[in-house]
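User: I should like to learn how to read the features of a protein model in a systematic way. Could we proceed from the fold to the side chains?

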Amino acid sequence: MLTATFVLGLLAFAVPSYGQLSLPGATTQAAPNPLTDSTVKPGKMLLYDLEARFAKDVLERGGVAFAEWFAEDGVVLGNGQAPVVGRVAITKSTKWSPKDYQLIWTPTDAVMGPSADIGYTWGHFEGHSKDANGNPVTTTGRYLTIWRKQPDGNWKVVLDSGSNEPADAGDCCKLPAAN
């Protein structure tokens with residue numbers, strides 16, 4: 001079952017623009033904003049749009065919404081947990097309420113496959129809850145989500161994977177700026 005320390009890869013959307021979440025004390029370059037970058041391809045925009053709709057739904061409805069975005073054969077790989085395979089199992093494991101567990105994520109990048117029927121997004125997530133004493137608990141990490149177009153034309157999550165990291169880990173995944 002889901003607990004405050006088991007943060008599923010994708011989390012609710014509460015960041016007003018796309019790009020990497022800033023970590024406390026981190027000095028990072030701003031990620032390109034796909035909404036203003038005229039070179040962004042339509043497939044990438046589709047994946048960003050899916051992420052935004054998925055995250056908004058989870059923000060409003062919690063774990064129930066999270067599970068509904070998965071394909072029947074979807075898989076969740078959580079940090080230190082056994083794989084959760086299939087939408088039925090995912091539904092049983094995602095019982096959190098958005099009032100008890102606030103989920104935030106934002107994609108850093110998105111890549112559409114050449115056939116335009118599968119793609120992936122990855123980025124940073126944060127989970128916010130309270131411990132038994134009412135003290136705030138924050139978990140942070142990276143996620144990878146694989147999206148696949150279904151026979152009916154809708155897009156569903158087929159794999160979601162997350163890995164926790166300390167909040168002060170900085171940005172491990174940016175290349176140094178070129179001189």
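Analyst: We begin with a definition: two strands pair if DSSP finds at least two bridges between them. Please note also that this is a predicted model.

User: What do the elements of the protein chain look like from the N terminus on?

Analyst: The protein chain has three helices and six strands. From the N terminus on, their order is α-α-β-β-α-β-β-β-β.

User: In which sense do strands S4 and S5 pair, and over how many bridges?

Analyst: Strand S4 (residues 118-130) and strand S5 (residues 136-149) are antiparallel, with 13 bridges between them. As one position in this pairing, glutamate 126 faces threonine 140 of S5. The hairpin of S4 and S5 has five residues between the strands, and glycine 134 there adopts a positive phi near 85°.

User: How many bridges join S5 to strand S6?

Analyst: Ten bridges connect S5 with S6 (residues 155-165), and the two run antiparallel. Threonine 145 has aspartate 160 in S6 as its bridge partner. S5 and S6 also form a hairpin with five residues between them, in whose turn glycine 153 has a positive phi of about 95°.

User: Let us turn to the interior. What is the general idea behind a nonpolar core?

Analyst: In soluble globular proteins, nonpolar side chains tend to be buried together. Here, 45% of the 179 residues of the protein chain count as buried. The largest nonpolar core has 25 residues, of which Phe54, Val58, Phe66, Ile90, Trp105 and Trp147 touch the most other members. Two or more residues of this core come from each of helix H1 (42-61), H2, S1, S3, S5 and S6. H1 gives the largest share, six residues.

User: How many aromatic pairs does a search of the whole structure find?

Analyst: The search finds eight aromatic pairs. To classify a pair, one considers the angle between the ring planes: under 30 degrees is stacked, over 60 is edge-to-face, and the rest is tilted. The pair of phenylalanine 66 and tryptophan 96 is tilted, because its planes stand at 55°, with the ring centres 5.6 Å apart. Since phenylalanine 66 lies in helix H2 (residues 63-68) and tryptophan 96 in the loop between helix H3 (87-93) and strand S3 (102-112), the pair ties together parts that are 30 residues apart in sequence. Both phenylalanine 66 and tryptophan 96 are buried.

User: Which residues form one aromatic cluster?

Analyst: The cluster consists of Phe54, Phe66, Trp69, Phe70, Trp96, Tyr101, Trp105 and Trp147.

User: How should salt bridges be read, and how many are there?

Analyst: The criterion is a side-chain nitrogen of Lys or Arg within 4 Å of a carboxyl oxygen of Asp or Glu. By this rule there are eight salt bridges. In one of them, glutamate 72 and arginine 87 have their closest N and O atoms 3.0 Å apart. Glutamate 72 belongs to strand S1 (residues 70-77) and arginine 87 to helix H3, so the pair ties together parts that are 15 residues apart in sequence. Glutamate 72 is exposed, at 52% relative accessible area, whereas arginine 87 is partly exposed, at 23%.

User: Are arginine 142 and glutamate 165, which also meet in a salt bridge, buried or exposed?

Analyst: Arginine 142 counts as buried because its relative accessibility is 11%, and glutamate 165 is likewise buried, at 15%. Their N to O distance is 3.5 Å. With arginine 142 in strand S5 and glutamate 165 in strand S6, the pair ties together parts that are 23 residues apart in sequence.

User: Which residues do salt bridges with shared partners join into one network?

Analyst: Asp57, Arg61 and Glu68 form that network. Within it, the side chains of glutamate 68 and arginine 61 meet at 2.6 Å, N to O. Glutamate 68 is partly exposed, at 39% relative accessibility, and arginine 61 is partly exposed as well, at 34%.

User: Finally, which residues make a nonpolar surface patch?

Analyst: Val111, Tyr120 and Leu144 make a nonpolar surface patch of about 210 Å². Tyrosine 120 is found in strand S4. With 34% relative accessibility, tyrosine 120 counts as partly exposed.

Methods: Residues numbered from 1 in each chain as written. Predicted model: local features only at pLDDT ≥ 70, side-chain atom pairs only at ≥ 80, totals over all residues. Heavy atoms only, no water. Helix = DSSP H or I, 4+ residues; strand = E, 2+ residues; numbered from the N terminus. Patch = residues over 30% accessible without salt bridge, like charges linked within 9 Å, V, L, I, M, F, W, Y side chains within 5 Å. Areas by Shrake-Rupley, 256 points an atom, 1.4 Å probe, with all protein chains shown as cover. Buried < 20%, exposed > 50% of the residue type's maximum accessible area, 1.4 Å probe, protein only. Phe/Tyr/Trp six-rings, centres within 6.5 Å; stacked < 30°, edge-to-face > 60°. Core = buried A, V, L, I, M, F, W, Y, C linked by side-chain atoms within 4.5 Å.
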